[in-house]
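Please look at the sequence and the model below before reading on. The paragraphs after it lead through the domains, the interfaces and the charged pairs.

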Amino acid sequence: MANSDRMRRATSTLMTTLTGLCTLLAVSALLVILFYIAWRGIGSLNIQFLTDRPRPIGEGGGVGNAIVGSLVLLLISAGIGLPLGICVGVYLSEIGRGKLSHAVRFIVDTLTGIPSIVTGVFVYAIMVVPMKHFSALAGGVALALIMIPIVARTTEEMLKLVPHSMREGALALGAPQWRVTLGVVIPAAASGIATGAMLAIARISGETAPLLFTAFGSRFFPESLNQPIASLTVQIYNYAISPYDEWHAQAWAATLVLMTLVLGINIMVRFLTRSRLR
Amino acid sequence: MSAVSEKFGAYSTWRRAISPTGNTGDAVFRFLMLLVALLMVGIVLAMVIALASESMLSLRQFGFSFLTSRDWNPVKGEFGALPFLWGTIASSIIALLISVPFSIGIAIFLVEQAPRYIARPVGFLVELLAAIPSVVYGVWGIFVLAPILRNYVEPGLAKWFSWIPLFSGSITGYGLLTGGIILAIMVTPIISAVVRDVLAAVPGSQREAALALGATKWEMIRVVLVNGVPGITGAVILGLGRALGETMAVTMVIGNRPEISLSLFEPSYTIASAIANEFTEATGDLYLSALVELGLILFLVTFVVNGFARLLVWNVTRQTGGVGRAA
Amino acid sequence: MSVSKRSSQLLVWLSVVVFLVVSIACNGGSGAGSGSLRLQGAGATFPNPLYQKWLSEYSRQHPDLKIEYQSIGSGAGIKQLKEQTIDYGASDAPMTDADLKSAPGEIVHVPTVLGAVVITYNLQGITQPLRFSPEVIADIFLGKIKKWNDPKITADNPGVTLPASDITVVHRAEGSGTSAVFTDYLSKVSAEWKEKVGAGTSPSWPIGMGGKGNEGVTGQVKSTPNTIGYVELAYAVQNKLPVGQVKNASGNFITPSIDTVTAAAAASAANMPDDLRVSITNAAGPDAYPISSYTYVLVYKNQKDAAKGKVLVNFLWWGIHDGESFAKDLQYAPLPADIVKRAEAKINSVTANGTALR
């Protein structure tokens, strides 16, 4: 075996080991953070915590209304953000040609970099101030605006990765373009689009700043979409910046609940979009 | 075209322009997609216009010197963006420098090397990092990361490398380095998840061809990577977007000091943190206007960086002759 | 599985989830129907724990009412009140003249409780509380006193061995009422501070790093040696932080506590202006803690909705009487008796369409 071969094999082994180490490090980082959260919060996790409303300090209380609130906000924002984001992705990948599509892509990229608080203030200015009250709807819209660029970009990238032969085959069979896109290309890229959707959902599940001026927060279970609504992140934020250890523990427990929620949604979506072809 | 319009009328011409195939379903479909895309453009333009009009006061007052001034004194009415610009760009660069190699490494491992029963759950775990609320990252940073940096990492770096200005300065554990590391952790799940899907979509024929030519595993992976450069760039841009706009976690560990220093250990301040910290308490129109102008500058920074990234991708794909996706 | 079958499967799942969530949302409420009266308040973070206790106790007696309070910061509370997106606001620092003029209606300040800003620090091995003179504090935060064993600090603390290390100053990163009170005090006791920095919610700190929120400052001081910072009393007590004794205008070194804060309010009661907007830092009085402050609830003098206005004034009345009994347990100083009288008068002045609501 020539020396250069040995070098090449050695490099290969080195690099593959390195990638394994990277993954190990990332997983360890997550486990370290998770362990810290669990250590500080597991004591407060019980049925009452999951179903009760917040109570003053010293009286226990829970995040039941915040869990429901977060789910409601998620539904509203995903209901607005996912379709719009996927549509933009489809436009950029399948339909857009020329200068306009370049401009749209550029602008969507720029949207990813806006601090979430700026989005929140924007929605505050266009929805809350005219309506003269805070609302769950405003919160959902703010979160949707954060979701759309993520979903759009990942959808576009995933759609672009679908081989042209699939499109050509469907077109050759006489299907119109919309049928090809909806029936062939999108399902082929489904798991990739799901990744984008999951990333976006995970991202907005952890967002606090945009909700502070739109959905606001509440001590009660939600009754209407036109009123302020509680959410896990705002509740975690309020508890985390308070002076009391008891509330801090509740903040960590709420974080565990939040992450379980996101994990659950992740698993469900992955299950539903799993490819049966491989 | 004029013969067509003569024969079929203006409506037909318009419809042909919208849908080359002439199919009504297509016309509706394409029109809808275009509408949504234009809606997004409209929203972004509305945001930019809103930002620009709110910052008119500050723009008129300070003009270009806003970008070069280092003073940030709300009480006296002097505002300058340079320290925040520095903090934002520096912390994002640090975050990407740390995160991109790691993310790509993770993606490679999960796609090329790990067996399915490992890749799936580990993939979930890494994505889960994206769901941790930023305030939790911030508190973890204060109580775990900052002490580690203050007691072990920064003194170690200072001992060996203090002659580089990057590693001089007072060691408190709160500064650019801490902010950059936290951002790196927050950005990694985004980049690695997207790169994972990009690599997974590279056709198997590319891999088989490389291996058939006698490539080692690593060389085969390199071929796959080159295939995926545009997608990887897209992933990095998404990650950069998160890094530039991240507020809560960064502001809790970066020290929030509007000063420029070459040292990684010294406190710093990012645009997003400044806006989040001072927006609600901003008294006075000039103060508010200056903060809004900061937001506008961040918008422009994202714009410029994205432009560079696009140029880079175009260059690379031009040289490699693009990627054929015939298979 | 065909595409249409898979999409319909997805749709079924989705509708199940939506149905579940919406039904929980609409039934999870504890009985209060959609016709119940709703009051929204927001503002200072400092009194939040106490106001949450008030709301909880008050709603026990009035289960048909839904009164909310969100702690978003004093400045944000004032802004929202001016925008009329909330029914009542709360602020540590009273509103400025300019703010009052720009509001769409006349705003009334009702003091509710008192709080203190304390000096906290992290020094290994020092167990007894350190003593600080006002000029020393100002000089530390100006950056003129750089080391812990500076003669000016040791002069106030005979018998304590202070280390020769650098002082790391921690202040608030974001605008806050706590900073406003602290800088207001420093401006009164140090001419140099008043000229160089001044008072306000977001002063330009000469040195030091910014922690986010009282909690951030607490966290940074707690975990970093040789730091000094300022926080609300509740944070120092809850986190068992060392608290400095500050020399007041009468020359005594005072430990911040509920009683010394109430003493500061009582000492300045006579000088309380008519609209009750006052700063009580550096108060006279032998037992007064010098860095104390009121916190206010802000309401419009003329309420647009008479029903809501009535609920509001009744709640505030209850607050400054029955509510004060909960203050001490949560480390808030209750109002001295004569201030309660003045606050009563303010509440009585709130009207709806010209008629007083109380």
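What follows moves from the conventions to the domains of two chains, then to the interface between those chains, and finally to salt bridges and cysteines.

This is a predicted model, in which local features need pLDDT of at least 70 and side-chain atom pairs count only at pLDDT 80 or more, while totals for chains, interfaces and linings use all residues. Residues are numbered from 1 along each chain as its sequence is written, chains are lettered from A and ligands numbered from 1 in the order in which they are written, and side-chain values use heavy atoms, with hydrogens and water left out.

Chain A is a suitable place to start, and its assignment gives domain 1 (2-42) and domain 2 (48-273), the bounds of domains being taken from an automatic or database domain assignment. The centres of these two domains of chain A, taken over C-alpha atoms, are separated by 30 Å. Where domain 1 of chain A and domain 2 of chain A touch, 6 residues of the former and 7 residues of the latter take part in the contact, a term that stands for heavy atoms within 4.5 Å. Together the two domains of chain A bury about 610 Å², with 78% of it on carbon and sulfur atoms; buried area here is the accessible area (1.4 Å probe) that two parts lose on being put together, summed over both. On the side of domain 1 of chain A, 71% of the area buried against domain 2 of chain A is supplied by Ile37(A), Arg40(A) and Gly41(A), more than by any other three residues. By class, that side of domain 1 of chain A has 4 nonpolar, 1 polar and 1 charged residues, where Ala, Val, Leu, Ile, Met, Phe, Trp, Tyr, Cys and Pro count as nonpolar, Asp, Glu, Lys and Arg as charged, and the others, Gly among them, as polar. Between domain 1 of chain A and domain 2 of chain A there are 0 salt bridges, a salt bridge being a side-chain nitrogen of Lys or Arg within 4 Å of a carboxyl oxygen of Asp or Glu.

Chain B is likewise assigned a domain 1 (2-54) and a domain 2 (65-317). The C-alpha centres of domain 1 of chain B and domain 2 of chain B are 37 Å apart, and 6 residues of domain 1 of chain B are in contact with 5 residues of domain 2 of chain B. The area buried between these domains of chain B is about 500 Å², and carbon and sulfur atoms give 83% of that area. Val48(B), Leu51(B) and Glu54(B) account for 81% of what domain 1 of chain B buries against domain 2 of chain B, more than any other three residues. The touching side of domain 1 of chain B is made up of 5 nonpolar residues, no polar ones and 1 charged residue, and the rule finds 0 salt bridges across this interface of chain B.

What, then, is the area buried between chain A and chain B? It is about 7,800 Å², of which carbon and sulfur atoms give 78%, and 84 residues of chain A are in contact with 87 residues of chain B. Within chain A, the residues that lose the most area to chain B are Ile33(A), Phe106(A) and Leu161(A), which together make up 8% of what that side buries. The count between chain A and chain B is 1 salt bridge, and the side chains of Arg8(A) and Glu219(B) meet in a salt bridge at 2.8 Å, N to O.

Over all chains the structure holds 31 salt bridges. One of them joins Arg203(A) and Glu207(A), whose closest N and O atoms are 2.9 Å apart. Arg203(A) counts as buried because its relative accessibility is 9%, and Glu207(A) counts as buried because its value is 4%; the scale calls a residue buried under 20% relative accessible area, exposed over 50% and partly exposed in between (1.4 Å probe, protein chains only). In chain B, the side chains of Arg242(B) and Glu246(B) meet in a salt bridge at 3.1 Å, N to O. Arg242(B) is buried, with a relative accessible area of 5%, and Glu246(B) is buried with a relative accessible area of 5%. In chain C, Lys144(C) and Glu192(C) form a salt bridge through their side chains at 2.7 Å, N to O.

The cysteines close the account. Over all chains the structure holds 0 disulfides, a disulfide being a pair of cysteine sulfur atoms within 2.5 Å. Cys22(A) counts as buried at 13% relative accessibility, and Cys87(A) counts as buried at 19%.
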